[in-house]
Amino acid sequence: MSSFDLNLARVFVLLYETGSVTAAAETLHVTQPTVSYSLAKLRRHFDDELFRRTGRGLTPTAGAQRLYEPLQRALAGMDAVIRQDNDFDLTAMSGRFTVALSDLGQATLLPRLAAAARERAPGVSFTVRPLDVDAAESQLRRGELDAFVATPVLTSHRTVRIPLFHERYVGMVAADHPRIRGASVTLADLAAEHHATVYGPHGHVVPRLLLATHGLLDRVAVDATRFTVLPYLLEHTDLFAIVPEYVGEVFTASHRLRLVSLPFDTEPIEVALYARHEASRSPSQRWLVQFMADVLGELVSPAQLPPSAG
């Protein structure tokens, strides 16, 4: 392919993944008419409409669906070769990125990201939006987000999921809880206590599911909308909450709380980073994804440690 053909391939891949001329133009840092002109050339070259405009944006034709994977792979391969000779100077990196995090992510992950950015790339700044798992993928596709972090497994041909770390669940209570004194609780203990849970668009539903599995939803005394209210709530009451362990460790470091082991095994959750496909990212977005994966991938929950290291 010539460099001109590569530019057309990039336009095609971006249109396919974003479904938007506007989002493709913003990623490429060109005007919308430039993208429309490139789309017209693509249509002539392949003798196919490629994309039809619908209420949901641009919808690929069957011909476009056949073209996407080979063009995306070719573009990703060329980009990998090019980047070997064009590494970023991290300290010179600048720009504002928009990321979506749950309230838990904002309380526990954002401080790590911000501190690392201040050290490695002080010209970088962040706009943080609340995570809505139902809308995040479409926000990413439209260019409204550069990346987001979530625990639910979301599948889309227009995004990639990059695993970061695993967490298990533990119980969290006030440090001076009147009844729960030891390092663990029994199912009978849980049935005797009242609970605080969280419900909302953040996608973190496992604590409520665990209570439901053991018939304990009727023991919920407070159902809040944000996880970050839990440490303030628990340290002033005798309520019990189920939380991810790393989150609990962050909360116990700054509040009069302690963690206890649960009486049942819980499947570790995988926290993941979501972004556009690599070939569809701008150079700065490639840096952001690598940066977030490096910083947050360093988190090692005790659930990941071998027993001898515990």
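**Close-up views of cavities, a pocket and a core**

**View 1. The largest cavity.** The largest cavity has a volume of about 170 Å³. This is a predicted model, and the legends here all refer to it. Lining this cavity are 20 residues, and those closest to its centre are Ser 102, Leu 104, Gly 105, Thr 151 and Val 271. So who builds the wall? Five elements put in at least two residues each: α5 (103-108), β5 (147-150), β6 (159-167), α11 (245-254) and β12 (269-276). Helix α5 chips in the largest share, with three residues. Sorted by class, the lining comes out as 13 nonpolar, six polar and one charged residues.

**View 2. The second largest cavity.** How many cavities of 30 Å³ or more are there? The count is two, and the second largest has a volume of about 30 Å³. Around the second largest cavity sit His 195, Ala 196, Thr 197, Pro 207, Leu 211, Phe 240, Ala 241 and Ile 242. Two or more of these lining residues come from each of β8 (195-198), α9 (206-213) and β10 (241-244). Strand β8 gives the largest share, three residues. Six of the lining residues are nonpolar and two are polar, with no charged ones.

**View 3. Ile 242 and its neighbours.** Zoom in on Ile 242, which belongs to strand β10 and helps line the second largest cavity. Is Ile 242 buried or exposed? With a relative accessibility of 5%, Ile 242 falls under the 20% cut-off, so it counts as buried. Leaving aside residues up to four places away in sequence, Ile 242 touches Tyr 169, Val 170, Pro 207, Leu 210, Leu 211 and Leu 262. Two of those contacts, Pro 207 and Leu 211, turn up in the lining of the second largest cavity as well. Val 260 is 18 residues from Ile 242 in sequence, and their C-alpha atoms are 9.5 Å apart in space.

**View 4. The second largest pocket.** Here we switch from cavities to a pocket: the second largest one holds about 270 Å³ of space. Its lining is made of Arg 168, Tyr 169, Val 170, Ala 183, Glu 245, Leu 259, Val 260, Ser 261, Leu 262, Phe 264, Asp 265 and Thr 266. Strands β7 (169-174) and β11 (257-260) are the elements that give two or more residues to this lining. The mix is seven nonpolar, two polar and three charged residues. Some names carry over from the previous view: Tyr 169, Val 170 and Leu 262 line this pocket and also touch Ile 242.

**View 5. Helix α12 and the largest nonpolar core.** Take the helix itself to begin with: α12 (residues 283-296) has 14 residues, which should span 20 Å at 1.5 Å a residue, and its end C-alpha atoms are indeed 20 Å apart. The buried residues in α12 are Gln 285, Arg 286, Trp 287, Leu 288, Val 289, Phe 291, Met 292, Val 295 and Leu 296. Now for the core, which has 25 residues; Val 149, Leu 288, Phe 291 and Met 292 touch the most other members. Elements giving two or more residues to this core are β3 (94-101), α6 (110-120), β4 (123-130), β5, β6, β12 and α12. Of these, α12 brings the largest share, seven residues. In soluble globular proteins, nonpolar side chains tend to be buried together.

**View 6. Phe 291 up close.** Not counting residues up to four places away in sequence, Phe 291 touches Leu 113, Ala 116, Ala 117, Arg 120 and Phe 126. Apart from the largest core lies another, of 24 residues, including Leu 6, Leu 8, Leu 15 and Leu 71.

How values were computed: Residues numbered from 1 in each chain as written. Predicted model: local features only at pLDDT ≥ 70, side-chain atom pairs only at ≥ 80, totals over all residues. Heavy atoms only, no water. 1 Å grid on protein atoms, 1.4 Å probe; cavity = no way out; pocket = protein on both sides within 12 Å on 5 of 7 lines; lining within 4 Å. Points joined across faces, edges and corners; volume = space filled by probe spheres on them. Helix = DSSP H or I, 4+ residues; strand = E, 2+ residues; numbered from the N terminus. Nonpolar A, V, L, I, M, F, W, Y, C, P; charged D, E, K, R; others polar. Expected span 1.5 Å × (residues − 1). Buried < 20%, exposed > 50% of the residue type's maximum accessible area, 1.4 Å probe, protein only. Contact = heavy atoms within 4.5 Å. Core = buried A, V, L, I, M, F, W, Y, C linked by side-chain atoms within 4.5 Å.
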